[in-house]
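Please open the structure in your viewer and get ready to select a few parts of it. We will go from stop to stop together.

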Amino acid sequence: MNKNALSWIIRIIIASLFILSAVAKLYPSPYFAISTFEVKQLYPLGFSENLAPYFSRFLIGIELALGLLLLLPVKIKKVITPTSILLLAVFTIHLLYETFRTGGNSGNCGCFGSLLPMTPIEAIIKNIIAIGLLIWLLMLKVPDTIKSRLWFTSTITLASILGLFMLAPIRPV
């Protein structure tokens, strides 16, 4: 199998994970699911009731944007892949902290919302495999075939974030 085909297989796998994660956090209804994500995931981390709604939509929008950008004809080596690795690393560190803090491996980590419940250890393994695939993608050294499209990348990211705010508007408490 040539490097270009392997590169696209890895991109599709990781993009699917990010897109599924973002969409699953909107199940069964966007507002209810995001509110549940905030209460179960963000409040225990110390986010205030005022900040959590903004952060949750921003985070889910970034996940969606990264998934879409991995599938689109943009340069991925300098920004998209490292940002994906960083996001997964932050999630993994958080999961490790929560696992050690609670002293167990019970409950749903929230990675895929309530659509696909996953324990923290399962999520850590998934994230480590995904980080490994992304590092492998960087090591393949497949050249980007297009010029930088900062405007396109920025537009997809902004549209993803704003789309979340439109799907689940912030309601006063």
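What follows is a walk through some helices and single residues of this predicted model.

**Stop 1: helix α1**

Start by selecting residues 3-24, which form helix α1. This helix has 22 residues, and the distance from its first C-alpha to its last is 31 Å, close to the 32 Å expected at 1.5 Å a residue. Now colour L6, S7, I10, R11, I14, A15, F18, S21, A22 and A24, because these residues of α1 are buried, meaning under 20% relative accessible area. What do the buried residues of α1 pack against? Show α3, α4 (80-102) and α5 (120-139), and you have the partners.

Stay on α1 and click I13, which also belongs to this helix. I13 is partly exposed, with a relative accessible area of 40%. If you draw a distance from the C-alpha atom of I13 to that of P143, you should get 19 Å, for two residues 130 places apart along the chain.

**Stop 2: a cis peptide bond**

Next, zoom in on Y27 and P28. Is the peptide bond between Y27 and P28 cis or trans? It is cis, with omega near 0°. P28 sits in the loop between α1 and α2 (30-42).

**Stop 3: E38 and P53**

Move into helix α2 and select E38. Is E38 buried or exposed? E38 is buried, since its relative accessible area is 5% and the cut-off for buried is under 20%. Leaving out residues up to four places away in sequence, E38 touches Y43, P44, A52, P53, S56 and R57.

One of those contacts, P53, is your next selection. P53 lies in helix α3 and counts as buried, at 9% relative accessibility. Apart from neighbours within four places in sequence, P53 is in contact with E38, S48 and I170. You can also draw a line from P53 to L42: their C-alpha atoms are separated by 9.1 Å, and the two residues are 11 places apart along the chain.

**Stop 4: α3 with α6**

Now show all of helix α3 (residues 52-71) together with helix α6 (residues 150-167). The two pack at an angle of about 140°, with their axes 8 Å apart. That angle makes α3 oblique to α6. The crossing of α3 and α6 is right-handed. To light up the contact, select Y54, R57, F58, I60, G61, I62, L64, A65, L68 and L69 on the α3 side, then T153, I156, T157, S160, I161, L164 and F165 on the α6 side. Colouring this contact by class gives 12 nonpolar, four polar and one charged residues.

**Stop 5: α4 with α5**

For the last stop, select α4 and α5. At what angle do their axes cross? They cross at roughly 155° and come within 9 Å. The two helices are therefore roughly antiparallel to each other, and the crossing of α4 and α5 is left-handed. From α4, the contact uses T81, S84, I85, L88, A89, F91, T92, L95, L96 and T99. From α5, pick P120, I121, A123, I124, N127, I128, A130, I131, L134, I135, L137 and L138. Sorted by class, the contact of α4 with α5 has 17 nonpolar, five polar and no charged residues.

How values were computed:
Residues numbered from 1 in each chain as written. Predicted model: local features only at pLDDT ≥ 70, side-chain atom pairs only at ≥ 80, totals over all residues. Heavy atoms only, no water. Axes fitted to C-alpha atoms, helices over the stretch in contact; angles between N-to-C directions. Helix = DSSP H or I, 4+ residues; strand = E, 2+ residues; numbered from the N terminus. Parallel < 35°, antiparallel > 145°, perpendicular 65-115°, else oblique. Left-handed = near helix turned anticlockwise from the far one by under 90°. Contact = heavy atoms within 4.5 Å. Nonpolar A, V, L, I, M, F, W, Y, C, P; charged D, E, K, R; others polar. Expected span 1.5 Å × (residues − 1). Buried < 20%, exposed > 50% of the residue type's maximum accessible area, 1.4 Å probe, protein only.
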